[in-house]
Each structure stands twice: as structure tokens, then as C-alpha cells.
Amino acid sequence: MAQDGQSQNIDALMAESRTYPPDPAFTEQANAKPGFYDQDPDEFWEREGRERLSWFTDFTTLKQWDRPYAKWYLGGKLNACYNCVDRHVENGLGDKVAYYWEGEPVDDRLTITYADLQSRVVKAANGFKSLGIGKGTKVAVYLGMIPEAPVTLLALARLGAPFTFVFGGFSATALGSRMQEMECEYLITQDAANRRGKPGPLKPTADEAMDMAPTVKTCVTVNRTGTEVDMLDGRDHWWSDVVDGQDDDPKSCPCEPMDSEDLFFLMFSSGTTGKPKGILHTTAGYLAGTSTTHHYVFDIKPETVYWCAADIGWITGHSYIVFGPLVNATTSVMYEGTPDFPDKARWWEIIERYKVNVLYTAPTTIRTHMKWGTEALQKHDLSSLKILGSVGEPINPEAWIWYRDNVGGGKCPVVDTWWQTENGMILVTPLPGLTTLKPGSATHPFIGVKAAVYDEAGKEIAPGDGAGYMVVKEPWPAMFRGLLNDDQRFRETYWSTFPDAYLAGDGARVDGDGDFWLMGRIDDVMNVSGHRLSTIEIESALVSHPDVAQAAVVSRADATTGQAIVAYVTLKDGAEGSPEKLTELRDHVGKEIGPIAKPANIVFADSLPMTRSGKIMRRLLKDVAENRALGDTTTLADPSVVNEIKERADSEK
Ligand code: WTA
């Protein structure tokens, strides 16, 4: 059922039988009390919506389900920035820390209180307004992990301007095509981002991207590193010129009342075709869903210090670094850089310094730390930790146990949270005070989430009866509201396989206790270090190189990154591959999509295995990549091709 690339992990999952019941002392103080799941879901979401959010106009209807389109909190008016910032200051929390920001270099630190955040956001919003940004203006954001990143999103939310944040590791082509697709008029970026002691350019990439997206007429650049960049007269402005001199009185720039269902932001994500999908999120349901799950899953208390170590450029960062935590007036840590610079103790120092209580990260990072060993970790006091979270890919039981034992001192519950860009919020997850944990299982659907596993025929597979397709049968508040300009693709991708459920694109099984085990993608989407990439997108990038005739991309299992990308390439005019060509092609993919998409291996071949109808047999290439015996080759036009490829791949090992 699940992708072969994760077969080793699945074997480990199937064999897993350890269980960890909640500690009664934890349950005693937990936000989710026994009986939590017995509540009526509609009453629950109605109450959370009213109590967790502040409304300018109260909503009148909880939800409307006009399959496949859902609406939540209908009739309400609210503002995300008001909910994340202003009301906390009005409620006397101005001195509470919103972010402890750790920059790179490591002595570059800031403590940003809610009052500071408000002042920064109001100034930025006034600055943006002075350039013409207002309600409905579409803005692209291409920033690293600097305070200006959340400040920009909040300022845009304040003005009612929908945004798309493009991960700073993406290429000019990726940024340009996203801006073009959304018809963005403005871009907010920075000169360069600090990474492992060197500035990595962003503005030059943004310049190239703007050449591709003529709707962008104005660009604001944060000067983060002092790197020299080109500034185009009439288009380019420095952040400091636009923002620093502005009024920071919140009354000078009131929060725009937005409809519950107004577009909040767009997040592009890889799908099964070459073109990324523009996933639409609206305002109220997204804020309610993210903040509510944040509160219960991470057991957030007023004094909690919480750290989601993702990048704001991914949905995890939007939902669980910016909006969910800020709605809950949480104190968060945010950092710029990488876990191994200046040394491998970076994370543990941060946890010790701020007495972090909750750490939320991805299995790939946990496995990387595992590889590095426990030396750096043991030198630091991590006893403040209470909960550990995991997201982005299936976590193998060994990494889960390592995380719990070494980072969590054997006492912290590990919450393995399953969700997707489309979901907006965590959908399947343990609750730390209530759930008996099983390493490798995301356990229970959150309250009101009607998750199930279907067989090919769309019949629900009973608990304990094997694996199938992960689906969700009813809408949830932060559910995406469609794909930008593509109703047909929305219906076909998610709602056509089964008439009565959302198709997540993951394989899963439910065990005899009703616990969910997610088993990886079942489509042409790969998950490399927790990043979603499509095989076809990478194939298109390879074929766009002038020397490449054909390319086929598959994934293989990788001990650290979960999956790794393997590309099979035939060159034009029968040319032979070479180590130089290999580097050139990897760099080409890096330039077309971003460094995260560079294949780990490239195998040059004279031809690729095709069926008689002309389709590339990826399944066989996957067998080669994973070093397995070859599957059925009888439908191949020329069965000898795959043996030649296998010999070539073996000789390069
Ligand atoms: C995978 C990230 C197993 C899954 C929030 C999904 C997971 C894709 C888990 C979405 C988990 C995410 N266990 N698999 N706990 N969390 N995934 O859109 O394949 O970047 O479909 O959202 O990541 O990735 P996305």
C-alpha cells in the first residue's frame, strides 16, 4: 500500500508493540481532561471559536458543508493580527514575551514582548500602507527566520492583505512562478540570510523572480546582513526607510475587520504534476483550528516556553510558530540558522537558556541528532522539557524512543502529529495527558476529525484489518478552501477517488485499539527531510537542461532524510554521463526548484524502461534504487534496458 521507499520503516512499525500510558500526574494538570473525546464536536468548536478568538462581529452559523467546499464560523468578522497581538496588550500581557529570538551569529539575540511586537507590527503596517498595500492587496513574502518574518505576516493580516510566504530555500523560478500565479503586487524580502556563518543571498534571487512576475511593482528589502544588493529605483525600498520612522500607536493603523471566510493566505505545495498547487486558507477556521490544537496537543499554559523549530516558510511554521501560538499568547522561541552551527550543541544550548518546555520538530532532524550522538546533548540541562512533538513524516520507532529517552530524559510524552498543508491544523495526534503512546503511531484523530482508512473500493477498513488509504470524512475548521484558480484539480485530486471523503494521499492502517499508523505517500509525492516534493516537478527540471533527453525520478529509503531522490537520466545524442555532468545536473535542479530538490543520486542510462504504451516504469527504477530484486518486467518494450541500468547503478555504488 505505502510507498516502497518506506518499506523498512513500515516493517519496523508493524513489529512495534511498546506502549507508554500517560503519567497520572500529567493527566491531573492537563488541558484536555478525561472525557475530552466525549464532547459533542460541534459544541466544542463553537465554544472554542467564541472563547479562544475575539470577534468584531460574532459568527451566526458554525459551519456549512457544500461538498467539497466547507465554510466555518459564518457571518463573523475578526482580524488575525488583533487576535494575535493587540488584544493581549489590551489585556495586560504587554510585558509577556512573545518571542525569544536567537539569531546567527549566536550572540545576536532579542527578547520581543507582546508590546514590542505590537509596536513593530503597527510600524510595518503603516509603512506597507504608505506604499499602497491595503485590504485585498496580494503580497509575496520571501524571508528567512528573522523577527521581520512574523512581523510582516501580522502587519499584512492587520491590513487584510492576503499573502504567500515562499520558503527562503526556494529558487528564483519557484518564487517567480508562485508570485505570477497569485498575481502578487508586492514582495517583502531581505538582502541575505545567515546560514552556517555565511550570508545566503535572497534579494538577488528575488530580483530574478520579479523579472518573471511583472505584476510585482514594489519590493521591500530588510537589511539583515549588510550584503551589497542591487536596488532598482522606483521599485526597491529598504525596510528601514519604509518602516522605521512610522507611528507605532495602534490607533494610527486599526485592524481591518475581515470576514471569517476572507482569504487569509496561500501556501504553494508540491502535487503530483509539475505545477505546485496554491492551497487556500481563510481566516476564522484557520485561527480557531490552529490555536485550539496548539493549546491541547502541546498542553500550553500561560507560563509555557514553546519552541517549534520549523521554518516559517512551511505550513508548520505558519500554524505553529506564528498564528496558533500567538492567538494563545504563548511565549515562543524562534531561531535563525541550523542545528550544527557554530556547533552541534546549538539546540541544546537554546533549550537550556530559555528553559524550553515544548519542542516540536521533524523526524529527519531527530535522526540527524541521533547520528551525531549524545555528547553535545548531555552537556546541557534539558530538564525543563515536558512535551516533545514530531511532524512532517512517519517517525520510525527507534527515532521516537531515542527522542524520548535522550532529549526528553525518558519522561516526556512524544506527540506524533499527522497533518498536511491542506489540513492547516493537526488532525491525528495523541493528547499528552490522555493517550497511551505507541512509538510510530500518530494515535487518535483530534476531536471532530472523522479520519478513516478506506480500501480500493471506498469501504472503511475495520481496525486491525490491514492498510489502505487515509481519508477524512467530515470538514474541520482549518481545512483548505480549494486551490487557486483550479476547482477542477481540487475536485480531482482530493474528492474524486471516493465520493464521500477527502483523500489525503497517504497510506495508513488502524490497529486493533483504533490507533492510526501513517505509512507515507501513495502518490508521486516524495517526502525528503519532511519537505514535500513531486517526482514530476524534478523530472521537468532535469529535462529543462539542454543536454537531457529524458529523466525519471523515484525515491529510495534513507536512514536520515526518510526518503532520498534518485534520478535516472538519458543524455541527448547518446552522450555519456560524467561526474562533472552529474554536478551540473544537480546544480541545475537546485537552481530550478531549490537545493532541497537536488537528487542524492543520478544514474546515467542509455535508455529508460518504458512500457509498450510509452510510460516510464518507475516501479522498476524504484526496485533498482532500493537494491531489490526486479519486479515484473514483462510489460516492458525492451526488458534488457532495466538490467543495463541495474548494472550501471551497481557499478557506481
Ligand atoms: C507527511 C506538513 C506520518 C504525510 C505538516 C503528509 C506525516 C505530508 C506526518 C504533508 C506524521 C506529516 N506521520 N506522515 N506525523 N506529518 N506527514 O503538506 O505524508 O508539508 O501527507 O505538511 O507529510 O506534508 P506537508
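Which residues line the largest cavity? In this predicted model, the lining consists of A80, L156, A157, G160, A161, P162, M258, L263, F264 and T283. The volume of this cavity is about 70 Å³. Two elements, α6 (148-159) and β14 (263-269), each contribute at least two residues to the lining. Eight of the lining residues are nonpolar and two are polar. None is charged. Across the whole structure, the search returns five cavities of 30 Å³ or more.

The ligand has a shell of its own. There are 17 residues around the ligand. Those that come nearest are D416, T417, T421, R521 and R532. By class, the shell holds six nonpolar, six polar and five charged residues. Three side chains place an N or O atom at a short listed distance from the ligand. For D416, the partner is a nitrogen atom of the ligand, and the separation is 2.7 Å. For T421, an oxygen atom of the ligand lies 2.5 Å from a side-chain N or O atom. For D506, the ligand atom is again an oxygen, and the distance is 2.9 Å. The ligand taken alone exposes 530 Å². Of that area, the protein buries 97%. Two or more residues of the shell come from α11 (315-327), and two or more come from β24 (516-521).

Three domain annotations come from UniProt, each from an unreviewed entry. The record assigns "domain: Acetyl-coenzyme A synthetase N-terminal" to residues 39-84. In the model, this stretch is 37% helix and 30% strand. Its end C-alpha atoms are 27 Å apart. The record gives residues 93-482 as "domain: AMP-dependent synthetase/ligase". Here the chain is 30% helix and 22% strand. The end C-alpha atoms of residues 93-482 are separated by 36 Å. The third UniProt entry, "domain: AMP-binding enzyme C-terminal", spans residues 537-615. Over residues 537-615, helix accounts for 27% and strand for 32%. The C-alpha atoms at the two ends of this range are 17 Å apart.

Some backbone details were also noted. The peptide bond from R67 to P68 is cis, and its omega is near 0 degrees. P68 sits in the loop between β1 (61-66) and β2 (69-74). A cis peptide bond also runs from F341 to P342, again with omega near 0 degrees. P342 belongs to the loop that links β17 (331-335) and α12 (346-354). D299 is a residue other than glycine with a positive phi, near 50 degrees. The loop that holds D299 lies between α10 (284-297) and β16 (305-308).

Key
Residues numbered from 1 in each chain as written. Predicted model: local features only at pLDDT ≥ 70, side-chain atom pairs only at ≥ 80, totals over all residues. Heavy atoms only, no water. Near = heavy atom within 4 Å. Polar contact = N/O pair within 3.5 Å; in protein donor to acceptor, adjacent residues only side chain to side chain. Areas by Shrake-Rupley, 256 points an atom, 1.4 Å probe, with all protein chains shown as cover. Helix = DSSP H or I, 4+ residues; strand = E, 2+ residues; numbered from the N terminus. Nonpolar A, V, L, I, M, F, W, Y, C, P; charged D, E, K, R; others polar. 1 Å grid on protein atoms, 1.4 Å probe; cavity = no way out; pocket = protein on both sides within 12 Å on 5 of 7 lines; lining within 4 Å. Points joined across faces, edges and corners; volume = space filled by probe spheres on them. UniProt positions renumbered as here; feature names shortened; annotations may be inferred.
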